[in-house]
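I opened the notebook to record what I looked up here. The entries are short and follow the order in which I worked.

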Amino acid sequence: MDTTQQPLEARDLPYDVFAKACPSRGTLEHVTGRWGGLTLGALYEGSLRFNELRRRVDGVSEKMLSQTLQALERDGLVHREAQPTNPPRVDYELTPLGREVAERLLGLIHFVEGRMDDILAAREHYDVTRGAR
């Protein structure tokens, strides 16, 4: 792609998510994956303990939430705070970088939620014209 066709923000960046070996691709997967996006959105509301977060992100298994939190923590988007209490208390919250990512993601989430009538109508039209599956 000619650099004159690229958005200004994408020019001269040291990373290219479209390149197979670029490390930004893994972070994009963590952020936009099913559980990553929902976890970031839930944590935008404030600090949560593991089980509170699991209840907020309806349908996520304990294993998947744990893996998601570890990936987001490794990427610097989530901070894990372990309290030395009995029983141990662990809180999760967004880092400043995670908050910035979540704000952008929530814009997309709210857009999709606001346009669901159009999306459902498009699905129905597709199913009628192409045959329901």
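**Entry 1: Arg-89 and its partner**

I began with Arg-89, in what is a predicted model. Arg-89 counts as partly exposed, because its relative accessibility is 34%. I then asked which side chain meets Arg-89 in a salt bridge. The partner is Asp-91, at 3.0 Å from N to O. The two side chains are also joined by a polar contact of 3.0 Å.

Next I checked Asp-91: buried or exposed? Asp-91 is buried, because its relative accessible area is 10% and the cut-off for buried is under 20%. So this salt bridge joins a buried Asp-91 to a partly exposed Arg-89.

I placed Asp-91 in strand β3, which spans residues 89-94. I also listed what Asp-91 touches, leaving out residues up to four places away in sequence. The list holds Ser-47, Leu-48, Arg-49, His-79, Arg-80, Glu-81 and Gln-83. Glu-81 in that list is also the bridge partner of Asp-91 in the strand pairing.

**Entry 2: The sheet**

I followed β3 into its sheet. How many strands does the open sheet have, and in what order? I found three strands, in the order β1-β3-β2, with antiparallel pairing. The edge strands are β1 (48-49) and β2 (78-83), and each of them pairs on one side only.

I looked up the bridges for each pair. Two bridges join β1 to β3. One pairing I noted across these strands is Leu-48 with Tyr-92 of β3. Six bridges join β2 to β3, and this pair runs antiparallel.

**Entry 3: The hairpin and its proline**

I asked how many residues the hairpin uses to join β2 to β3. The hairpin goes through five residues. I found Pro-87 in the loop between these two strands. I then checked the peptide bond from Asn-86 to Pro-87. That bond is cis, and its omega is near 0°.

**Entry 4: Val-78**

I went back to β2 for Val-78, which is found in that strand. Val-78 counts as buried, because its relative accessibility is 3%. I wrote down its contacts, again without residues up to four places away in sequence. Among them are four leucines: Leu-40, Leu-43, Leu-69 and Leu-72. Val-78 also touches Glu-73. The rest of the list is Tyr-92, Glu-93, Leu-94 and Thr-95. Tyr-92 appears here and as the bridge partner of Leu-48.

I also looked up a longer span. Val-78 and Ala-121 are 43 residues apart along the chain. Their C-alpha atoms are separated by 37 Å.

**Entry 5: Other salt bridges**

I searched the whole structure and asked how many salt bridges there are. The search finds five. Beyond the pair in my opening entry, I looked at two.

Arg-54 forms a salt bridge with Glu-62. The closest N and O atoms of this pair are 3.7 Å apart, and the cut-off is 4 Å. Arg-54 is partly exposed, because its relative accessible area is 32%. Glu-62 is partly exposed too, because its relative accessibility is 47%.

Asp-118 and Arg-115 meet in another salt bridge, at 2.7 Å from N to O. Asp-118 is partly exposed, with a relative accessible area of 43%. Arg-115 counts as partly exposed at 39% relative accessibility.

**Entry 6: A nonpolar surface patch**

My last lookup was on the surface. Which residues form a nonpolar patch there? I found Leu-108, Phe-111 and Val-112. Together they have about 280 Å² of accessible area.

I checked Leu-108 on its own. Leu-108 sits in helix α5, residues 96-114. Leu-108 is exposed, because its relative accessible area is 51% and the cut-off for exposed is over 50%.

Methods
Residues are numbered from 1 along each chain as its sequence is written. This is a predicted model: local features need pLDDT of at least 70, side-chain atom pairs count only at pLDDT 80 or more; totals for chains, interfaces and linings use all residues. Side-chain values use heavy atoms; hydrogens and water are left out. Patches are made of residues with over 30% relative accessible area and no salt bridge: like charges are joined within 9 Å, nonpolar side chains (Val, Leu, Ile, Met, Phe, Trp, Tyr) within 5 Å. Accessible areas come from the Shrake-Rupley method with a 1.4 Å probe; for residues, only the protein chains shown count as cover. Helices (H or I, at least four residues) and strands (E, at least two) are DSSP runs, numbered from the N terminus. Buried means under 20% relative accessible area, exposed over 50%, partly exposed in between (1.4 Å probe, protein chains only). A polar contact is a pair of N or O atoms within 3.5 Å; within protein, one must be able to donate a hydrogen and the other to accept it, and residues adjacent in sequence count only if both atoms are side-chain atoms. Contact means heavy atoms within 4.5 Å. Two strands pair if DSSP finds at least two bridges between them.
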